[in-house]
Amino acid sequence: MDGNSSSRNSSLSGAFKFNEKRIPASSPSGALYHFGTSGISVAVATGLTHPLDVLKVRLQMQLVGQRGPLIGMGPLFVQVMKNEGPKSLYLGLTPALTRSLLYGGLRLGLYEPSKYACDRAFGSNNILFKIASGAFSGAISTAVTNPVEVLKVRLQMNSDLRQRGPIAEMRRIVSKEGIGALWKGVGPASVRAAALTASQLATYDESKQLKYNSWLGEHPYYGTH
């Protein structure tokens, strides 16, 4: 029995030592770690699902300002493949990956420091501050990356721009429409990202904390809390 207790204590001690070695998320190195891992993860997912994003944009923009029958995703896919070729399903991939790295990285990279700042300022880290931190990080991330999102959509809508490239298209937008055109739609996009990030990160964070507290409260070596 004593041997088993010693073994359990040893394993618990090792687990807590491991946790102590983790980089604090509120530190610059911790924020950079979250930025890198989140950005790369979102970029990989974006690369795999980009053809679906192209079809989504085409479906949303069909018959703009006109009346007529709308086609579904299947017929649109066949139409794009027939008229523009398989490469058209990857239109705008470069700005999409760029946005994913920045947006995905900033979204998580800003969440923990924001939550830490709330804790320092108000002495609390409850669910409301987690929601606020998530909303802030999501809105800021979208506002920063909106120009790349606009560029991505423009390229997805017009296969003729493939030869021009994203840099040339961005220069054209700025010269013809003004720099403000790069932030078209930033309002609703930021609201959506704020709600999405707040619900995702705050829910995950609070669930993890409740599970951890429950484990500590029921553990025989730490008593009840």
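Among contacts in the protein chain that join residues at least 6 apart in sequence, 71% link residues at least 24 apart. That figure, like everything else here, comes from a predicted model. The chain is built from seven helices and has zero strands, so reading from the N terminus simply gives α-α-α-α-α-α-α. Of the 225 residues, 32% are buried. The accessible surface adds up to about 13,900 Å², and carbon and sulfur atoms account for 63% of that area.

Helix 5, which covers residues 127–157, is a good place to start looking inside. S137 sits in this helix, and with a relative accessibility of 0% it counts as buried because the cut-off for that label is under 20%. What does the side chain of S137 reach at 3.4 Å? The partner is the backbone oxygen of R107. Leaving out residues up to four places away in sequence, S137 touches L106, R107, L110, Y111 and T197.

V150 is another residue of helix 5. Its relative accessibility is 11%, so V150 is buried too. V150 and A96 are 54 residues apart in sequence, yet their C-alpha atoms lie 9.9 Å apart in space. Once residues up to four places away are set aside, V150 is in touch with A181, L182 and K184.

Two of those names, A181 and L182, turn up again in the largest nonpolar core. This core has six residues in all: L151, L155, L161, I173, A181 and L182. In soluble globular proteins, nonpolar side chains tend to be buried together. One core member, L161, is in contact with R154, L155 and E169, not counting its neighbours within four places in sequence.

Not every nonpolar side chain is tucked away, though, as L48 shows: its relative accessible area is 69%, so it is exposed. L48 belongs to helix 2 and joins I40, V44 and L101 in a nonpolar patch on the surface. Together these residues have about 410 Å² of accessible area. Which element gives the most to the patch? That is helix 2 (residues 28–61), with three residues.

Charged residues have their own story. Side chains of opposite charge can pair when their charged atoms come close. The structure holds 12 salt bridges. In one of them, the side chains of K56 and D53 meet at 3.1 Å, N to O. Both residues lie in helix 2, three residues apart, or about one turn of the helix. K56 is partly exposed, with a relative accessible area of 37%, whereas D53 is buried at 17%. This pair also belongs to a network of salt bridges that links D53, K56, R99, E149 and K152.

Helix 6 (residues 166–177) has a pair with the matching spacing of three residues, about one turn of the helix: R172 and E169. Their side chains form a salt bridge at 3.2 Å, N to O. Is E169 buried or exposed? It is buried, with a relative accessible area of 1%, while R172 counts as partly exposed at 27%. E169 is also one of the residues in contact with L161.

Finally, K184, a contact of V150, forms a salt bridge with E177, and the closest N and O atoms are 3.3 Å apart. E177 is partly exposed, with a relative accessible area of 34%.

How values were computed:
Residues are numbered from 1 along each chain as its sequence is written. This is a predicted model: local features need pLDDT of at least 70, side-chain atom pairs count only at pLDDT 80 or more; totals for chains, interfaces and linings use all residues. Side-chain values use heavy atoms; hydrogens and water are left out. Helices (H or I, at least four residues) and strands (E, at least two) are DSSP runs, numbered from the N terminus. Buried means under 20% relative accessible area, exposed over 50%, partly exposed in between (1.4 Å probe, protein chains only). A polar contact is a pair of N or O atoms within 3.5 Å; within protein, one must be able to donate a hydrogen and the other to accept it, and residues adjacent in sequence count only if both atoms are side-chain atoms. Contact means heavy atoms within 4.5 Å. Patches are made of residues with over 30% relative accessible area and no salt bridge: like charges are joined within 9 Å, nonpolar side chains (Val, Leu, Ile, Met, Phe, Trp, Tyr) within 5 Å. Accessible areas come from the Shrake-Rupley method with a 1.4 Å probe; for residues, only the protein chains shown count as cover. A salt bridge is a side-chain nitrogen of Lys or Arg within 4 Å of a carboxyl oxygen of Asp or Glu. A nonpolar core is a set of buried Ala, Val, Leu, Ile, Met, Phe, Trp, Tyr and Cys residues joined through side-chain atoms within 4.5 Å.
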